[in-house]
Amino acid sequence: MFFDGYGYHGRSFEQTYRCYPASFIDKPQLENGDKIIMPPSALDRLASLHIDYPMLFELRNDSTERVSHCGVLEFIAEEGMIYMPYWMMENLCLQEGDIVTVKNVTLPKGKYVKLQPHTKDFLDISNPKAILETTLRNFSCLTTGDSIMVAYNNKKYYIDIVETKPSNGISIIETDCEVDFAPPLDYKEPERTAPSRPSNSPAEVQEDATEVEPKFYPFTGGARRLDGKPLKQQLPPPSSSSGYSDKQVNVTNGGKKSAAAPSSQNSSRQSQGKLVFGSNANRAPEKQKEPVKEEPPKKEEPKFQAFSGKKYSLRG
């Protein structure tokens, strides 16, 4: 059966049209949804069929075998032509004036959809969920593999439909649909830098420091006289090992010989006319106190009394 010569066959609607973008009909609001504009003859044919409402259609590009779905906004296009959003023509790989097949279909209500923004700028919006809900109110269906356009704040954001359930094409009119987001296409995970490992352990560093530091040897300098005269006898410098070993011996013996060694050195140096600086250098070794002998008590001498002598006269 034919209708007005445009070849509507049987009890289903299927027809080919030449497609053009919405800018050709001066309807920019068409870009914010998935609705198309069809000719009046399509409305007459659809009215005679027992189809399900709302009207949903399958768009097919036979040359590339790309398929999408859409709704209808108005029936005011010229015969043999339809107008659709430009982003929908990009999904179907259509150019201006290309042939597209339109067929009425019935789609199940969506239960799940997974979206993936093209850029991470979409996630920088203050409330992307509210913007997405507002935009999807202008859509009647979604198809897996399509890229929809979300216009906000004079900027266009493209979002891929990664997955839809329960089928590849779903209706989102008056339905509760779970929405999930995949990471944006330009998102890159931050590289994890491994913490720098120290070259040496603290124990090894401490051992190196002890090896590098010079050991302290006391009383290894030379002697000088305060009057500037040369020394009569030049003693060989004391060996560092002997002095250090004496200290170790004194420490191990509990400090019993600590006073003997310095005192012998000081006495030898002072006897040779040398001046040695140090805490105990100028101190002579203390002599042991001899026991005091008890002396017999002395008789008390008479105390001196002034003017206690005899008187003499100058006259004689």
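This is a short dialogue on reading a cavity, a sheet and some backbone features in a predicted model.

Biologist: Where do I start with internal space? How many cavities of 30 Å³ or more does the count give?

Modeller: A cavity is space where a probe fits but cannot get out. Here the count comes to 1 cavity of 30 Å³ or more. The largest cavity holds about 50 Å³ of space.

Biologist: Which residues line the largest cavity?

Modeller: Lining residues have an atom within 4 Å of a cavity point. In this model the lining includes Asp34, Ser68, His69 and Trp87. Phe139, Cys141, Leu142 and Thr143 also belong to the lining. Asp146 and Ile148 are in the list too.

Biologist: What is the make-up of that lining by class?

Modeller: The lining has 5 nonpolar, 3 polar and 2 charged residues.

Biologist: Which strands each supply at least two residues of the lining?

Modeller: Strands β4 (66–74) and β8 (141–143) do. The largest share, 3 residues, comes from β8. Now look at the domains. Domain 1 (14–104) and domain 2 (112–181) each give the lining at least three residues.

Biologist: On to the sheet. In what order do the 4 strands of the open sheet run?

Modeller: The order is β9-β10-β7-β12, and the pairing is mixed. The edge strands, β9 (147–152) and β12 (178–181), each pair on one side only. On average, neighbouring strands are turned by 35° against each other, direction ignored.

Biologist: Is the pairing of β7 with β12 parallel or antiparallel?

Modeller: Parallel, over 4 bridges, with β7 covering residues 112–117. To find the register, take Tyr112, which stands opposite Glu178 in β12.

Biologist: Which helix packs on this sheet?

Modeller: Helix α3 (residues 128–136) does, touching β7, β9, β10 (155–165) and β12. The direction of α3 makes about 115° with that of β9.

Biologist: What should I look for in the backbone?

Modeller: Start from the usual case. Most residues other than glycine have a negative phi, and most peptide bonds are trans. Then pick out the exceptions.

Biologist: Which peptide bond is cis with omega near 0°?

Modeller: The bond from Tyr53 to Pro54. Pro54 sits in the loop between α1 (40–48) and β3 (56–61).

Biologist: And which residues does the cis bond with omega of about 15° join?

Modeller: Lys165 and Pro166. Pro166 is in the loop between β10 and β11 (169–171).

Biologist: Which residue has a positive phi although it is not a glycine?

Modeller: Glu65, with phi of about 55°. Look for Glu65 in the loop between β3 and β4.

Definitions and conventions
Residues numbered from 1 in each chain as written. Predicted model: local features only at pLDDT ≥ 70, side-chain atom pairs only at ≥ 80, totals over all residues. Heavy atoms only, no water. 1 Å grid on protein atoms, 1.4 Å probe; cavity = no way out; pocket = protein on both sides within 12 Å on 5 of 7 lines; lining within 4 Å. Points joined across faces, edges and corners; volume = space filled by probe spheres on them. Nonpolar A, V, L, I, M, F, W, Y, C, P; charged D, E, K, R; others polar. Domains from an automatic or database assignment. Pairing = 2+ DSSP bridges. Axes fitted to C-alpha atoms, helices over the stretch in contact; angles between N-to-C directions. Contact = heavy atoms within 4.5 Å.
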